[in-house]
Amino acid sequence: MDELVNHVVDRWQAYAITAAFALPLLVMLRRHVSAVLLPLLEIMLYMTGIQIVLHGLVRVVRWFKLETAMHHTDRADPGWEVPLAEFWNLAAYNPEWLFYAQGAALAIITFIVLRCRPLRTQKKPKPPKPAGKRVISQRQAGAWRG
């Protein structure tokens, strides 16, 4: 985390110039940009929730394994861990398959978000109503009569 803060502090001018050029474009194109950014934000929120839940679940399972070990056997710590901060670091996962399980969860969440809430550009337009005899309600008919 300190590396990230130091990086931003060292290059704050470049970030400020980039923001000065990018913000007006984002404001002008907000209808098109929001159609992409909002589903990405939703996927990020879901993945953050899954990361926190998986971290807590692994800690509880690790604690349970240590506390339920038989007294005549050695209580060896399995060292199971899921990182919260460096979730991209494969070496920090112990058992390694948890990293791949999170990748599968990311794929499933992305599919569900894009399938259930498609982008505006993906929505099919509604077909026009067929031209036919217009049905007038009793209320409209009474207004015509005076």
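Leaving aside its neighbours within four places in sequence, Glu42 touches two residues in this predicted model, namely Val113 and Arg117, with which Glu42 is in contact. Glu42 belongs to helix α3, and the points below take up that helix before turning to a nonpolar patch on the surface.

**Helix α3 and its buried residues**

- Helix α3 runs over residues 30–67, which makes 38 residues, and from its first C-alpha to its last it reaches 54 Å, a span close to the 56 Å expected at 1.5 Å a residue.
- The buried residues of α3 are Ala35, Pro39, Glu42, Ile43, Met47, Gln51, Leu54, His55 and Val58, and what covers them includes α4, which spans 97–116.
- Glu42 counts as buried because its relative accessibility is 17%, where buried means under 20% relative accessible area.

**The nonpolar surface patch**

- Met1, Leu4, Val5, Val8, Val9 and Tyr15 together make a nonpolar surface patch of about 610 Å².
- Helix α1, which covers residues 2–10, gives the most to this nonpolar patch, contributing four residues.
- Tyr15, one of the residues that make the patch, has its place in helix α2, which covers residues 12–28.
- With a relative accessible area of 42%, Tyr15 is described as partly exposed, since that term applies between the limit of under 20% for buried and the limit of over 50% for exposed.

Technical notes: Residues are numbered from 1 along each chain as its sequence is written. This is a predicted model: local features need pLDDT of at least 70, side-chain atom pairs count only at pLDDT 80 or more; totals for chains, interfaces and linings use all residues. Side-chain values use heavy atoms; hydrogens and water are left out. Helices (H or I, at least four residues) and strands (E, at least two) are DSSP runs, numbered from the N terminus. The expected span of a helix is 1.5 Å times one less than its number of residues. Buried means under 20% relative accessible area, exposed over 50%, partly exposed in between (1.4 Å probe, protein chains only). Contact means heavy atoms within 4.5 Å. Patches are made of residues with over 30% relative accessible area and no salt bridge: like charges are joined within 9 Å, nonpolar side chains (Val, Leu, Ile, Met, Phe, Trp, Tyr) within 5 Å. Accessible areas come from the Shrake-Rupley method with a 1.4 Å probe; for residues, only the protein chains shown count as cover. A salt bridge is a side-chain nitrogen of Lys or Arg within 4 Å of a carboxyl oxygen of Asp or Glu.
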